[in-house]
Every structure is written in structure tokens, then in C-alpha cells.
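Trainee: I would like to learn how to read salt bridges, nonpolar cores and helices in a model. Could we work through one case together?

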Amino acid sequence: MSLQPLIALVDCNNFYVSCERLFRPDLWDKPVAVLSNLDGCLISRSKEVKSLLIPMAIPVFKVAHLVKKHRIHLFSANFPLYGDISSRIMSLLETFSPHTEIYSIDEAFLDLTGICQQDPLSYGIRIKHTILRDTGIPVCVGIAPTKTLAKLANYAAKKWDKTGGVLDLSCPQRRERLMRSVSVREVWGIGSRLSQQLAQLGIHTAWDLAQQPVQQMRDKFSVVMARTIMELNGIPCLELEEIAPDKQQIICSSSFKRPLTSIEELSQALAGFCSRAAEKLRMQKSVTSCITVFIQTNPFNPQEPQYQRSATLKLATGTQDTRILISAAKQVVRSIYKPNYRYQKCGIQLSDIRPQSMQVQADLFADNQRIDQLQLMATLDKINHRFPNAVSLAATGLNKKTWQFKPERISKRYTTDWNELASVKCE
């Protein structure tokens, strides 16, 4: 008899705000918000700020009077710090499941099938407490047979304090009670515009949607709608790798069939990840100003020495140039690599992503050839689009003397304590 699929969604609570509060424990119950690049808009709000009905992404000047009245503490975004803490959290989550999908910088899906079938709730509580204990970041955990239901469970775990931040929807009766009370717009992938169309059909709750004929809704809307209805009924339609990462951050990583032991092998793997990540940047016409590299041994093999480390690098200017990213990744991995370990996984994370059309301040000391870089990369993509993988860059990237970056933060471990937190430079 096959086991019922079991998926968990672990989502950090107000992630950027929680990261800033690590260094300011006096602000845990105070209103806090994190601002976007150039401190223009609010991009993360604490529960206290949300209770003031201040919307997401609103320009700061529009709520200046509320900031002053309620003494809201504002922080400039510190993406290198957020990327490093995210890497720590994701590394911890991978110890709870052999199959993990990092969905965004602050949330991940875990395949728990066959791991905790007898008591999923206790396992979810264990995940929550471990992340809080080892990183200081509060999370909520939603557990269900499908990804869509896991999203719904996570939403409820955040909304209702009585859940304790963990909710298991393995029981069909519990799922029905929740879906009858949750608006259809809270279903993953529905949103406000589509919920208005559904409301015209008399579909107001998640339960209403789950009762609709699959084929009829597919014909009227799309195959995505059909999959959503099936997932709400506990029928898995979305694999862990099927959903694209959040465009505000790009992660490329892989576990290896055999462990890697040399820095040359790790550098070659990272060069491939940089190439793929840069292609994704160019596809969405974006640039990145921050790259995080992480390496780790096999956590499921306790007989071998364990080591895992990450480092974050702030680039001088935003880029989508594969050569620059490879050069930066190679320099970072040299700063965190230790010999005599068997590395099972490595990867990169690009953050601080913005449209390439945005005006950026050039580096005074860099050879600024942005137009030439764009043209070269566009030509590379055009060739590879017509002849897949016809052209690739050498694994060594650019001459190391051409691009010299200094890592801003390097984690000693993926877990930390308050003494280490106090020593990290907070901009």
C-alpha cells in the first residue's frame, strides 16, 4: 500500500524584519519595517505595522505621519545579510527532508512522505522550534497532501494564533472546516482579479472552488485552474521542481552523484550555476548586485566529517554578465573552501535583483562597459537559443586580477548564537 503524499511549506514570518530584529532584540514587540533600495517603499512589515493597516510597497512619504505617530522603526534593506540567513535556514530545512524546493528567499517546500506519517504535527513543531533555536527566525509550518493545501495550511497557521504556527491538514474533515472559512482569494494562484471572476459564478470560499467540476473549470479558465481544484481535493498535481523560483531572487544548486573534494570541481559546478542564473536574469531583463555561494557535505551521512558554509558578496554595480558572476563565485568559494571534506552539494543565490533599465551608479574604479556586456550576452543567448549549449564560457571566467571583490559577510556555521550575531556588521 502506497503512502499518502505529505508536503510541508515552511515560511519565515516577516523575514526581512525578523532578520533586522536579530540584532535588535529590544524591537521584537515594536513596529518595524524594512525599506526598498534607496529607502523608497516598505517591502517588509512587522505584525505591529500590519495592524496599523499600512499596505505593502507603499512609498514612505505617504505614511510619514504614521511612522512618527507610532514610532515605527525603519531599516534600509540589507540583502547580503538576508541572503546569508536564508542560506542557513534552507540548509537546516534540508536536514528534515531529502527532497526540498526553495521556493523563495524565505520559504521552502519539503517532501515529508514516509518521514512522519504517524504524527506530522509533532514533526512540524520540531521544524519550527529548530529554526527558531538555531537561527532566531520565527517560521510557520503548513502540512498537507499537496502543495496548494500546504500553502493554505501555512496561511492559516500565520493567521490564527491558536494553531501555534503549525497546522496539519492531513485529515479531510479538518481540511473541509478550514476551506469553508477561507476566502477563495487566499488559494495559491487565485489572487484578487481571478477571485472576482469566481465570485460572479457564486464561488466565494476555497471549499466552493474545491467542489467545482474539474473539466468544466478547465474549459472555462485554464489547466492551472483544473490543477488547483484537484490539489484542493488532495490529489497532487505539482511536483516540487515544477514551480519557478521567485523572481526577486534566483537560486541554482544541485546535489552530486559523487562527492566533490577539490576546489577546482566546486568552481566548475558553480560556473555552471552562474551561467544558468545569468540566463534567467537576462530572460526577465534584470540585474543582480548580490551573490551568495554555499557549499556543504552530506548531512545524511554522519560517519563522515561535516562542514557547511556560505559567503555573500556585494557587487560594485548591478550585472547580468555571466563572466562577472563566475569570477565573483570563484573568489567567494575560495574564501570558504576547506580541503579534506567530501562536498555533496553547492550552489549560488542571486539577490538584490532589479530591472536592467533602472539607472544605477557606476563603479568609479571599474571598467564600465555595460553596453558591450549586454550586447555580448545577448549574442550568446541568441546562439544558444538556436543551437542549445553551443557556446559556453570557460570555467575559469575572467582573469582574477580584473575583478577583485571583497566578501562582506561570511558565516562560520549555518547555526549561530547571540555572541556571533552581535559581531556581524549591520549596515
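Mentor: Keep in mind that this is a predicted model. Start with a single pair: Asp-11 and Lys-158 form a salt bridge through their side chains, with 2.8 Å from N to O. Asp-11 belongs to strand β1 (residues 7-12) and Lys-158 to helix α6 (residues 147-159), so counting along the chain they are 147 residues apart.

Trainee: What is the general idea behind such a pair?

Mentor: Side chains of opposite charge can pair when their charged atoms come close. In this model, a search of the whole structure returns 15 salt bridges.

Trainee: Are Asp-11 and Lys-158 buried or exposed?

Mentor: Asp-11 counts as buried, because its relative accessibility of 11% falls under the 20% cut-off. Lys-158, at 34%, is partly exposed.

Trainee: Which residue does Lys-147 meet in a salt bridge?

Mentor: Lys-147 pairs with Glu-101, at 2.7 Å from N to O. Lys-147 lies in helix α6 and Glu-101 in strand β5 (residues 100-104), so this salt bridge ties together parts 46 residues apart in sequence. Lys-147 is buried, with a relative accessible area of 1%, and Glu-101 is buried at 7%.

Trainee: Where do Asp-352 and Lys-314 lie?

Mentor: The side chains of these two, Asp-352 and Lys-314, meet in a salt bridge of 2.4 Å, N to O. Asp-352 is in strand β12 (residues 343-355) and Lys-314 in strand β11 (residues 308-319), so the pair ties together parts that are 38 residues apart in sequence. Asp-352 is buried at 4% relative accessible area, while Lys-314 is partly exposed at 29%. Salt bridges with shared partners also join Lys-314, Asp-352 and Arg-354 into one network.

Trainee: Now the nonpolar cores. Which residues have the most contacts inside the largest one?

Mentor: The general idea is that in soluble globular proteins, nonpolar side chains tend to be buried together. Here the largest nonpolar core has 38 residues, and those with the most contacts inside it are Phe-15, Tyr-82, Leu-93, Leu-110 and Ile-127. At least two of its residues come from each of β1, α1 (15-21), β2 (32-35), α4 (79-93), β6 (107-111), α5 (120-135) and β7 (139-144). Helix α4 gives the most, with eight residues.

Trainee: Which residues does Tyr-82 touch?

Mentor: Leaving out residues up to four places away in sequence, Tyr-82 touches Phe-15, Tyr-16, Cys-19, Glu-20, Val-34, Ser-76, Ala-77 and Ile-105. There is also a second, separate core of 34 residues, which includes Cys-252, Ala-269, Ala-329 and Ile-353.

Trainee: How do I check a helix, and what span should α12 have?

Mentor: Compare the expected span with the distance between the end C-alpha atoms. At 1.5 Å a residue, the 21 residues of α12 (residues 263-283) should span 30 Å, and the end C-alpha atoms are 30 Å apart, which agrees. Buried residues of α12 include Ile-263, Leu-266, Ala-269, Phe-273 and Leu-281. Just after α12, Lys-285 takes a positive phi of about 55°.

Trainee: What do the totals for the chain look like?

Mentor: The chain has 15 helices and 13 strands. Of its 427 residues, 49% count as buried. Among contacts between residues at least 6 apart in sequence, 70% join residues at least 24 apart. The accessible surface of the chain is about 21700 Å², with 52% of that belonging to carbon and sulfur atoms.

Conventions
Residues are numbered from 1 along each chain as its sequence is written. This is a predicted model: local features need pLDDT of at least 70, side-chain atom pairs count only at pLDDT 80 or more; totals for chains, interfaces and linings use all residues. Side-chain values use heavy atoms; hydrogens and water are left out. Helices (H or I, at least four residues) and strands (E, at least two) are DSSP runs, numbered from the N terminus. Buried means under 20% relative accessible area, exposed over 50%, partly exposed in between (1.4 Å probe, protein chains only). Contact means heavy atoms within 4.5 Å. Accessible areas come from the Shrake-Rupley method with a 1.4 Å probe; for residues, only the protein chains shown count as cover. A salt bridge is a side-chain nitrogen of Lys or Arg within 4 Å of a carboxyl oxygen of Asp or Glu. A nonpolar core is a set of buried Ala, Val, Leu, Ile, Met, Phe, Trp, Tyr and Cys residues joined through side-chain atoms within 4.5 Å. The expected span of a helix is 1.5 Å times one less than its number of residues.
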